[in-house]
Structure formats: structure tokens, C-alpha cells
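Please look over the model shown here, and then work through the questions on how two of its chains meet and where two annotated residues lie.

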Amino acid sequence: MPRIMRPDDANVAGNVHGGTILKMIEEAGAIISTRHCNSQNGERCVAALARVERTDFLSPMCIGEVAHVSAEITYTSRHSVEVQVHVMSENILTGTKKLTNKATLWYVPLSLKNVDKVLEVPPVVYSRQEQEEEGRKRYEAQKLERMETKWRNGDIVQPILNPEPNTVSYSQSSLIHLVGPSDCTLHGFVHGGVTMKLMDEVAGIVAARHCKTNIVTASVDAINFHDKIRKGCVITISGRMTFTSNKSMEIEVLVDADPVVDNLQKRYRAASAFFTYVSLSQEGKPLPVPQLVPETEDEKKRFEDGKGRYLQVKAKRQAQVEPQP
Amino acid sequence: MPRIMRPDDANVAGNVHGGTILKMIEEAGAIISTRHCNSQNGERCVAALARVERTDFLSPMCIGEVAHVSAEITYTSRHSVEVQVHVMSENILTGTKKLTNKATLWYVPLSLKNVDKVLEVPPVVYSRQEQEEEGRKRYEAQKLERMETKWRNGDIVQPILNPEPNTVSYSQSSLIHLVGPSDCTLHGFVHGGVTMKLMDEVAGIVAARHCKTNIVTASVDAINFHDKIRKGCVITISGRMTFTSNKSMEIEVLVDADPVVDNLQKRYRAASAFFTYVSLSQEGKPLPVPQLVPETEDEKKRFEDGKGRYLQVKAKRQAQVEPQP
Amino acid sequence: MPRIMRPDDANVAGNVHGGTILKMIEEAGAIISTRHCNSQNGERCVAALARVERTDFLSPMCIGEVAHVSAEITYTSRHSVEVQVHVMSENILTGTKKLTNKATLWYVPLSLKNVDKVLEVPPVVYSRQEQEEEGRKRYEAQKLERMETKWRNGDIVQPILNPEPNTVSYSQSSLIHLVGPSDCTLHGFVHGGVTMKLMDEVAGIVAARHCKTNIVTASVDAINFHDKIRKGCVITISGRMTFTSNKSMEIEVLVDADPVVDNLQKRYRAASAFFTYVSLSQEGKPLPVPQLVPETEDEKKRFEDGKGRYLQVKAKRQAQVEPQP
């Protein structure tokens with residue numbers, strides 16, 4: 001399973017992201033375990049990832065190298081499959097090969113008819129007798145550990161203060177994005193279009209959280225790009241609802257750039273805009289939207305400003321429609 | 001500039017995201033204005049987006065339709081180019097064409113040698129005399145509006161309480177991701193590999209924010225996938241630093257799924273893991289990392305837990321290296 | 001090299017685009033030939049695609065299937081490498097495997113220090129003696145054909161207003177693409193596979209416009225890559241229908257590269273090819289296609305040329321099927 005590593009797979013120093021490698025490992029594991037679970041006649045199924053064991057990144061992989069991923073089924077229990085995956089990096093110019101990763105993954109076969117139903121796994125044939133016993137030990141160990149972690153993960157990172165539905169806090173959302181090569185022009189700054197796409201994505205999530213229906217962009221207010229965003233920045237795109245009319249929602253989106261690897265430069269505002277969204281029925285007709293409940297003074301002020309923009313656009317539209325005298 | 005709309009360009013109801021259309025508009029604008037600004041001999045430059053005027057989405061575009069984007073330069077000032085872009089959607093099966101968008105964008109030519117230097121724009125030739133005058137009015141109007149917006153955008157969405165460097169709050173980061181078709185299996189739930197890639201991305205941002213150098217994944221603790229993530233969910237991936245040794249950082253990553261369009265189902269924890277990152281010098285050697293300063297009782301508790309995991313792994317590694325008796 | 005086919009790899013009917021398959025084929029070819037050309041000590045190089053022989057799509061591939069790509073070096077001349085690539089599709093639920101493609105590609109090693117310098121290729125070791133002789137014949141044949149095509153590509157595809165259905169003007173289409181970092185090799189020129197994917201996309205739009213049904217790539221004529229496309233170019237990919245038989249359409253695709261930021265270099269023809277598409281019913285059976293109406297002298301000439309190619313391929317196929325005397 002060789003694949004050339006591209007600029008988009010790596011950080012600015014040319015090292016391939018661990019996440020890219022984990023994704024390749026999981027794809028190989030999903031293929032081999034789905035194939036195995038369907039190898040006997042019976043109900044068709046798809047293998048879903050249940051657990052990945054501790055994985056060490058033994059040596060870095062670079063842009064231009066070829067990744068080789070090989071996978072093997074090493075144990076099966078009644079309802080799960082253990083897959084071991086090896087990743088080698090090959091420099092095709094010098095011919096050097098290095099072991100980059102060894103990973104162990106556990107999959108569970110889910111029925112295609114009902115993805116909440118776990119099917120039985122056909123037993124694997126072991127080449128050495130001890131393999132089954134060793135596998136069973138790993139199986140029991142991970143089962144125990146899984147049960148333990150279930151309890152450990154109660155809390156959350158961002159303090160969510162249980163906001164009421166229809167408030168600004170309830171739907172507000174932020175997205176961080178690490179600027180990659182394909183986001184950029186050849187000269188190392190982000191295409192305006194890439195920024196706008198992320199802004200619309202955040203606005204859409206705010207709108208969907210607020211009204212929980214199918215929503216579409218109706219318009220975008222003028223967007224000013226105050227400053228360039230350079231390669232290697234982390235950008236934070238934040239959206240909050242500012243105003244609702246009967247059938248539309250206005251969302252303010254702010255883009256801040258944070259030059260993480262450059263200690264001297266401060267985080268700065270790169271762009272901002274107002275997006276208007278409408279909620280659509282299954283037939284594509286606009287639906288009424290739940291009214292926003294502004295709570296703080298700032299939110300009330302922004303609601304009034306939003307109302308002003310809404311009435312201004314409405315007046316302009318009506319003026320255009322009026323018959324000329 | 002026709003392009004077929006793909007499943008990933010659209011929401012679950014098949015409507016193309018406004019952001020996808022904005023991205024195509026900007027690409028067309030960037031090409032035509034870069035070409036224009038390089039049409040005379042002189043210093044080579046690239047056109048950077050400075051402003052997009054208010055844009056209405058006149059009719060929805062669907063998966064399978066072909067988008068046609070056409071761009072025209074409508075005005076040039078000494079240092080900026082105005083581009084008008086039209087987007088038509090064509091249903092190639094029925095032949096129906098509809099106007100989807102009209103947009104106006106302003107670009108500024110930046111020198112390729114020094115992207116902070118703005119070059120002069122060759123004048124455009126107008127076919128009608130009034131065009132120049134009308135363009136000048138639009139130019140003055142947007143200039144005025146840009147200056148106003150500069151003042152408007154002071155505040156930020158998430159209350160950042162100016163945390164001290166090296167604290168947990170300073171580097172903690174969250175990412176939201178709207179699950180799209182190419183993230184999913186055919187049966188409508190997210191590939192484990194996609195989730196792991198996003199987890200590594202957040203962990204990397206936390207690590208880079210903490211130590212402001214080039215960082216790479218050294219290992220990942222066991223990851224348990226507590227529950228499937230279904231199509232149409234918004235996933236929030238949050239990362240916070242839990243522990244630092246001399247040359248490594250441990251980051252806890254939590255994945256929560258939020259079924260936005262399904263009012264009945266609650267947000268739930270889908271996966272969690274600990275990532276270990278190291279900081280590398282330009283020669284690829286591990287660097288010392290700034291020590292994490294835990295503040296709250298919870299942070300101190302997590303630091304101790306992290307230290308426990310670190311010492312356990314270290315002991316295991318030394319045991320493997322020790323000669324067997 | 002297994003890879004699961006995702007929704008974005010396919011058209012609305014679930015058939016994987018020919019362009020996606022061509023891109024995988026080229027990636028496999030680039031890896032094996034770059035590795036071979038660097039197998040002896042000497043100047044480091046990267047293999048650039050020079051030509052793809054006529055390729056038939058023997059059976060469709062669908063979303064959810066796994067593509068297996070295997071590549072082998074079958075001949076080396078002093079300055080070029082011939083690679084044969086096989087693509088199998090595997091349904092991992094049923095276990096069915098089918099041959100989807102056999103392709104032959106020619107690569108040329110370019111020096112990493114100076115990408116305009118062609119290096120020498122280490123000779124391959126043949127397992128049977130006849131192989132070298134057979135390879136030389138293929139080498140001579142393609143060399144002859146390449147020289148001929150150089151002359152053929154003078155003209156360009158220009159838009160015509162309000163064309164009649166079934167004419168060439170009605171379905172002809174152009175796409176422009178700004179070359180970005182992730183389209184390129186490390187040495188700053190576009191991967192052949194990226195170009196082929198775009199060519200197939202345009203051909204598909206032309207075919208769908210003409211017959212307004214679900215269409216799939218049936219074959220691609222030999223593609224010659226006349227010249228490298230460098231980073232920072234805008235490429236224009238134009239397609240026009242040249243010929244229709246009862247159940248197939250032939251589309252000519254031309255690729256022109258335009259170095260927008262470099263005033264001195266002229267727009268040049270980078271590649272060209274003929275794609276054959278068929279129209280499929282919902283059950284996957286070939287449908288009759290509307291007959292093309294050539295209008296101008298050039299269009300009539302191209303129609304006759306297309307008919308010639310069609311009859312030649314048909315005759316060749318019948319000869320293969322005929323029982324040996």
C-alpha cells in the first residue's frame with residue numbers, strides 16, 4: 001500500500017503529521033477486517049474501529065517519501081478482530097527504508113442492515129498454537145482497560161455553562177484551523193477563498209445549532225480582509241448569532257490569526273463578516289426560525305445593530321422592486 | 001470555468017455550501033487580477049484579496065450540477081483592481097441554467113520579492129466612458145466603509161482571560177468539524193482514521209502553542225472509540241496539556257459528537273486519548289520544552305496522572321533494553 | 001496499493017470517475033520508475049510522465065470497493081522507462097475481484113538539480129529474452145506516434161453563442177485550474193495524474209451535456225505530455241466532442257498551460273488526448289447516444305478522423321476475439 005507523502009500531509013518543517021499516518025493505518029485495518037468478517041456466507045457487515053493500542057512513532061517520515069502500510073489479522077474473539085499494522089517509510093531516491101510505526105487495532109463487525117447489531121467474527125487460523133493464547137491475553141487486557149477508561153472521561157475542556165436554547169451562548173461556535181500548503185498561494189499566504197469557506201462553515205454550524213433544521217446561506221455582508229494570513233498560522237474562526245427576523249438569522253463571524261511558531265508576533269484580527277442564513281423545509285421552502293434571546297447588554301446592542309442592517313437591506317430590495325414612475 | 005458539484009461540496013440535503021461557491025468566486029478573481037497586474041513588464045506580483053462586497057445567493061445549487069464562474073475586471077485604481085464575478089448553475093441533464101451569484105471583489109497586487117510591498121496596477125481599458133466614473137464611486141464608497149469597519153471589530157467571541165504562558169488555559173484548543181460524506185463509510189458513520197487525524201491536529205496545535213517550535217507526534221496512548229459518530233453530526237475535538245517532562249509534552253484530546261439536526265439525541269463523548277509530542281530543532285534533535293504550570297486542583301491531579309503514565313512507559317522501555325539474565 | 005473508493009471519487013450514480021483511476025495508475029507508475037532510476041549511484045532524479053498508451057476501462061468500479069494497483073517495469077530505453085500497471089477492483093463484502101484496467105506508461109528521469117536535463121536510465125533485467133525485443137518494438141512504435149501528434153495540436157476551443165443541441169458547440173466545455181502546491185511534485189511541476197484527472201473531468205462534462213444521462217469513461221487514447229507544467233501556471237482544459245457511434249462518444253481534450261506571472265513565456269500546449277465515453281441506463285446497460293451533428297469543415301474532418309479511430313479499434317478487438325486458425 002505505497003503512497004507518496006505530499007506537502008499537505010506534513011508540517012512546515014516537512015515532517016509528516018502523525019494524524020496522516022494514523023489515518024493510513026486505520027484505512028488498512030478497516031479493509032482487512034471488513035474482508036475477513038465477510039469471508040463466510042452470512043449477513044454482510046462493515047468493521048468499525050473500537051480501539052487502537054498505544055502507538056509509538058519510531059522515526060519521522062518526510063514529504064516525498066513513500067509510505068508502505070501492511071496489515072495482518074493476529075487474533076479474533078467472538079465479536080472482535082485484532083489487526084497489526086506496520087508502516088515503513090521509503091526514500092525512493094536513496095532506497096533507504098525505515099520502520100515508522102507498529103500499531104494494533106481492534107474492530108467490531110456491524111451488520112449492514114442494522115448498524116447497531118454486532119455480528120460474529122469467523123475464527124482466524126493461527127500458524128503457531130501459542131498465538132491464540134497470546135491474543136486472548138491481549139484481548140482480556142484491553143477489555144479491562146476499556147472498562148476503566150469509561151469512567152475516567154467525565155469532564156470537558158471548555159466550560160459549558162449549560163446555556164438555554166435560543167440564547168447567543170447556546171449556538172456560538174469556534175473552529176481552529178492549521179494553515180496547510182493547499183490553503184496557500186505560492187507565496188505563502190492563505191487564499192481569501194479558503195478563509196471565506198471556513199467562515200461560511202462556522203456560520204452554518206451556528207445556524208444549525210440554533211434552529212436544528214436544514215439551513216442555507218442567503219447572503220454575506222461585505223467582508224474586509226484586514227491583514228494577510230501566513231503559512232504556519234493557526235486561525236480561529238468564531239461565530240455568534242446576532243439577530244433573527246421571522247425567517248432569517250444573522251451570524252457574525254470573526255477570523256483571528258495566531259502565528260504559533262513566531263513568538264514575537266501577536267494574534268490579530270484578519271477578517272470579519274455577517275452571514276445571513278435561512279432554514280428550509282424538505283420541499284425547499286423557508287421556515288420560521290426560533291427567535292434569538294439576547295441576554296447581556298452587548299448582545300442586545302448587537303441585536304439592534306443587526307435589526308438595522310436587516311431593515312436597510314429590506315428597504316433597498318423593496319425600492320428595486322417598486323415600479324418606476 | 002465549469003466545475004461539477006460533489007457530495008463534499010454540499011450539506012446533507014444536497015444544497016451546495018455557500019462557502020464552496022465563495023471559494024470558486026475568489027479563485028476566479030485571483031486568476032484574472034493576477035494576470036492583469038502582470039500584463040505589463042515590471043515587477044512580478046500576485047493579487048491578494050482585500051474585500052468582497054455584499055453577496056446574495058439568488059438560487060440554490062445542488063450536487064451534480066455544473067457551476068460556471070466568469071470574471072471580468074470592471075475598475076482599476078492606482079493600487080487596486082475591482083473584479084465582478086458571475087456564477088451560473090447548470091443542470092446538465094435538463095439543460096436548465098440559473099444565475100446563482102453576482103459578486104464584486106477588490107484585489108491588491110503584492111510584489112513577489114517582498115509581499116509587504118503593494119505595486120501599481122496597469123489601467124484597464126473601458127468600453128464605455130461612464131464606466132470609469134461609476135467605478136471610481138464604488139471605489140470611494142468601499143474605501144470609506146473599510147475604514148469604518150476597522151473600528152467596529154474590537155471584541156472576541158470566546159472570553160479569553162489573558163492566561164499566562166505555560167498554563168493549561170494558554171494552549172488549550174478546540175476544533176469543530178461538520179461531518180461530510182468523504183469522512184464516512186457507506187453506512188453513514190465516520191471512519192476511525194478521520195477522527196484520529198483530527199485528534200492529532202488538535203494535539204499538534206496545543207503543543208505548538210505551548211512551545212512555539214516545530215513539533216512532532218512521538219506516541220499515542222490507547223484510543224477507545226466509545227460510540228459511533230453518524231453523518232450530519234458536528235464533532236468538537238478539544239485538547240489540553242496535562243503533563244510535561246524535560247523533553248516531551250502530554251496532551252489529552254476529547255472528542256464529543258453533537259447531533260445538531262436531531263433534537264432528541266444529546267451530545268456524547270465519542271473518543272478520548274493522550275498524545276505525546278516532542279519539540280525538534282532545525283537539525284531534528286529533541287529540544288527541552290517549557291514546563292507546564294498546572295493551576296487548578298484538577299490540573300494538578302491530571303499532571304500527577306500524566307507523570308504516572310510517563311514513568312510507567314519509561315520503566316517499560318528500560319526493561320526492554322536491559323539484558324535478560 | 002489498496003484504496004477504498006469514497007463518495008468524492010464517483011459520479012452521482014456511484015461509478016468511480018475514470019480520472020480517479022488514471023490518477024492512481026500514474027502515482028504507482030511514478031513511484032516505481034523514480035525508484036528504478038535512482039537504483040544506481042549517480043545523480044538523483046525524479047521520473048516525469050511522458051506518455052500513457054491507450055487504456056480501456058474493462059469494468060466499472062463503485063463506491064465502497066477497494067482498488068488494488070500493481071506496477072511493473074517492462075522495458076527501459078536509454079532515456080525512458082516503460083511501466084505496466086494493473087488495477088483490480090475488490091468488493092470486500094462479497095470477495096469478488098475484477099480486472100478494471102491495464103495501462104502502459106512511459107517515464108523520463110529528470111535531474112533534481114536541473115529539471116530540464118534528462119538522465120540515463122539503468123537497464124532493467126528481463127526474465128525472458130524476448131521481452132527486450134518486444135519492448136523495443138513498443139518503444140519505437142510510441143516514438144513514431146509521438147512525433148506525429150506534435151503537429152496535430154494547433155487549434156483551440158472557442159465559445160459559440162446559442163448553439164443547437166447535438167452540435168459540437170453545444171457540449172464543448174473548458175475548465176481553468178490554478179496550479180497549487182498540492183498538485184505538484186517536490187520539484188515544482190504538476191503530477192501527470194493530476195492533469196489526467198482534470199482531463200477526464202472535462203470530457204465527462206462534455207459527454208453529460210451531449211447525452212444528458214449517466215455516463216462513464218470507456219477508454220482513453222494515448223496521451224502525450226509534450227511539456228512539463230510548472231508551479232504557478234494556470235491550466236486551461238478544453239473538451240469538444242469529435243465523433244459518435246451508436247453507443248459511444250469520442251471527446252478530444254486539450255491542455256494548455258499559461259504562465260500568468262511570467263510575461264515572457266507564451267501559453268503552450270502541454271497535453272492532449274481522446275476520451276471515449278458511454279451512456280449507461282440505471283441498470284448499468286449501455287444506451288444509444290444522440291448522434292453528433294458536425295457543422296463546420298473542421299468539425300466534419302474531425303468526425304471522419306474519429307470514425308477512422310473507432311473502426312480501427314473495433315477491427316483490432318474483433319481480431320483478438322476471432323478463433324486462432
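The questions and answers below concern a predicted model, beginning with an interface and then turning to annotated positions.

Q: How many residues of chain A are in contact with chain C?
A: Contact here is a matter of heavy atoms within 4.5 Å. On the side of chain C, 26 residues take part in the contact with chain A. On the side of chain A, the number of residues is 29.

Q: Which three residues of chain C supply more of the area buried against chain A than any other three?
A: Chain C and chain A bury about 2400 Å² between them, and 65% of this area is on carbon and sulfur atoms. Of the area that chain C buries against chain A, 23% is supplied by three residues, more than by any other three, and they are C:Ile92, C:Leu93 and C:Pro181.

Q: Which residue of chain C meets A:Glu90 in a salt bridge?
A: Across the interface of chain C and chain A, the rule finds two salt bridges. In a salt bridge with an N to O distance of 2.6 Å, the side chain of A:Glu90 meets that of C:Arg35.

Q: Which element gives the most residues to the side of chain C that touches chain A?
A: Strand S1 (3-4), helix H1 (18-37) and strand S4 (66-76) of chain C are the elements that give two or more residues to this side. The one that gives the most, with four residues, is H1(C).

Q: Is A:Asn11 buried or exposed?
A: The UniProt annotation "active site", from an unreviewed entry, covers A:Asn11 and A:Asp200. A:Asn11 is found in the loop between strand S1 (3-4) and helix H1 (18-37) of chain A. Because its relative accessibility is 15%, and buried means under 20%, A:Asn11 counts as buried.

Q: Which residues of chain B does A:Asn11 contact, leaving aside neighbours within four places in sequence?
A: With those neighbours left aside, A:Asn11 is in contact with A:His17 in its own chain. Its contacts in chain B are B:Asn214, B:Ile215 and B:Val216.

Q: What is the relative accessible area of A:Asp200?
A: A:Asp200 has its place in helix H4 (residues 192-211) of chain A. Not counting residues up to four places away in sequence, A:Asp200 touches A:Thr217, A:Phe275 and A:Tyr277, as well as B:His17, B:Gly18 and B:Gly19. A:Asp200 is buried, and its relative accessible area is 2%.

Key. Residues numbered from 1 in each chain as written. Chains lettered and ligands numbered in written order. Predicted model: local features only at pLDDT ≥ 70, side-chain atom pairs only at ≥ 80, totals over all residues. Heavy atoms only, no water. Buried area = accessible area lost by both parts, 1.4 Å probe. Salt bridge = Lys/Arg side-chain N within 4 Å of Asp/Glu carboxyl O. UniProt positions renumbered as here; feature names shortened; annotations may be inferred. Buried < 20%, exposed > 50% of the residue type's maximum accessible area, 1.4 Å probe, protein only.
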